[in-house]
Amino acid sequence: MTIGQTLKHLNRSLRVPFNRKSAFEKLADFHSHPFSMDKLVDWAMKFPSSGYMKVRSSQVRSEIMSLAKAVAEINPRRILEIGTAEGGTLLIWANLASEKVISCDILEPGVKKTLYEAFPPPASKCVVKNLTGDSHTKTFLEKVETELAGEKVDFLFIDGDHTEVGVEADYNDYQHLVRSGGIIAFHDIVEKQAIPENQVYYFWKRLKDKADTEEFINDSKQTGYGIGIVRVP
Ligand SMILES: C[S@@+](CC[C@H](N)C(=O)[O-])C[C@H]1O[C@@H](n2cnc3c(N)ncnc32)[C@H](O)[C@@H]1O
């Protein structure tokens, strides 16, 4: 770490108690208003918190809105997400699922863990569980299975490793956990991508005609983004 980075980290660390208090107040304010899918999606993309309590999602609004509506329509009880990042999409799932959201990332949720756990509305029985580890390892899959205790999820969001082999491995390794009639979604399915590591398109291209699929793509010429869903038979 450079001196500049160390000072930035120190500064952000010192501000955690204030940022945490503010984030919980904002969340309480969010929950005090009647549920609105518009507001939920807006807050998931840019929650009014900052520093190490920052919650964000890099999504195209119309695409994540279509996905959120498709997920809401199947009245999800349990949701599994691979790729928590800054917790943006987790906010959506935690407000749609009635029992449990398991959100996985190779990185620790850090100081935001308790905020994530408070994401479901106060009257909801939904429990948020953050699991840390590499989705491609057997031990991590077992951790997820243990957390589900034999139950299946209604919705699986694959938004972790974006390499072609990575996304295919997540699909093959976790699809058995989704109930019949459930949904599996992939992010970043468009061909044109800003970074070469985003290779979801190549897996999606092979999968999309073999299954009951639908695409949410805002603009066919866009670079990056795009969501593909598979309806599980
Ligand atoms: C694009 S971000 C997820 C964004 C998030 N779903 C949202 O839209 O708010 C991808 C995340 O997947 C995580 N990730 C990448 N490879 C992973 C792996 N093999 N296992 C678990 N998490 C992984 C990264 O650390 C990163 O935080």
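**Exercise 1. Find which helices and strands each supply at least two residues of the lining of the largest pocket, and which strand gives the most.**

Solution. Start with the elements: helix 4 (88–96), strand 2 (100–105) and strand 3 (127–132) each supply at least two lining residues in this predicted model. Next, look at their shares: strand 2 gives the most, with three residues.

**Exercise 2. Describe the space in the largest pocket and the residues that line it.**

Solution. First take the volume, which is about 840 Å³. Then turn to the lining, which counts 46 residues; those closest to the pocket centre are Gly83, Thr84, Ala85, Glu86 and Asp105. Finally, sort the lining by class: 13 residues are nonpolar, 22 are polar and 11 are charged.

**Exercise 3. Locate the ligand and characterise the shell of residues around it.**

Solution. Begin with the site: the ligand sits in the largest pocket. Now list its neighbours: 21 residues surround the ligand, and Ser57, Gly83, Thr89, Asp105 and Asp159 come nearest. Lastly, split this shell by class, which yields four nonpolar, 11 polar and six charged residues.

**Exercise 4. Work out which atoms of Gln59, Ala85 and Asp161 pair with the ligand, and how much of the ligand the protein buries.**

Solution. Take the side chain first: an N or O atom of Gln59 lies 3.0 Å from a ligand oxygen. Move on to the backbone, where a polar atom of Ala85 is 3.5 Å from an oxygen of the ligand. A backbone N or O atom of Asp161 is 3.4 Å from a ligand nitrogen. To finish, consider the surface: alone, the ligand exposes 610 Å², and the protein buries 82% of that.

Notes. Residues numbered from 1 in each chain as written. Predicted model: local features only at pLDDT ≥ 70, side-chain atom pairs only at ≥ 80, totals over all residues. Heavy atoms only, no water. Polar contact = N/O pair within 3.5 Å; in protein donor to acceptor, adjacent residues only side chain to side chain. Areas by Shrake-Rupley, 256 points an atom, 1.4 Å probe, with all protein chains shown as cover. 1 Å grid on protein atoms, 1.4 Å probe; cavity = no way out; pocket = protein on both sides within 12 Å on 5 of 7 lines; lining within 4 Å. Sits in = over half its atoms within 2 Å of the grid points. Nonpolar A, V, L, I, M, F, W, Y, C, P; charged D, E, K, R; others polar. Points joined across faces, edges and corners; volume = space filled by probe spheres on them. Helix = DSSP H or I, 4+ residues; strand = E, 2+ residues; numbered from the N terminus.
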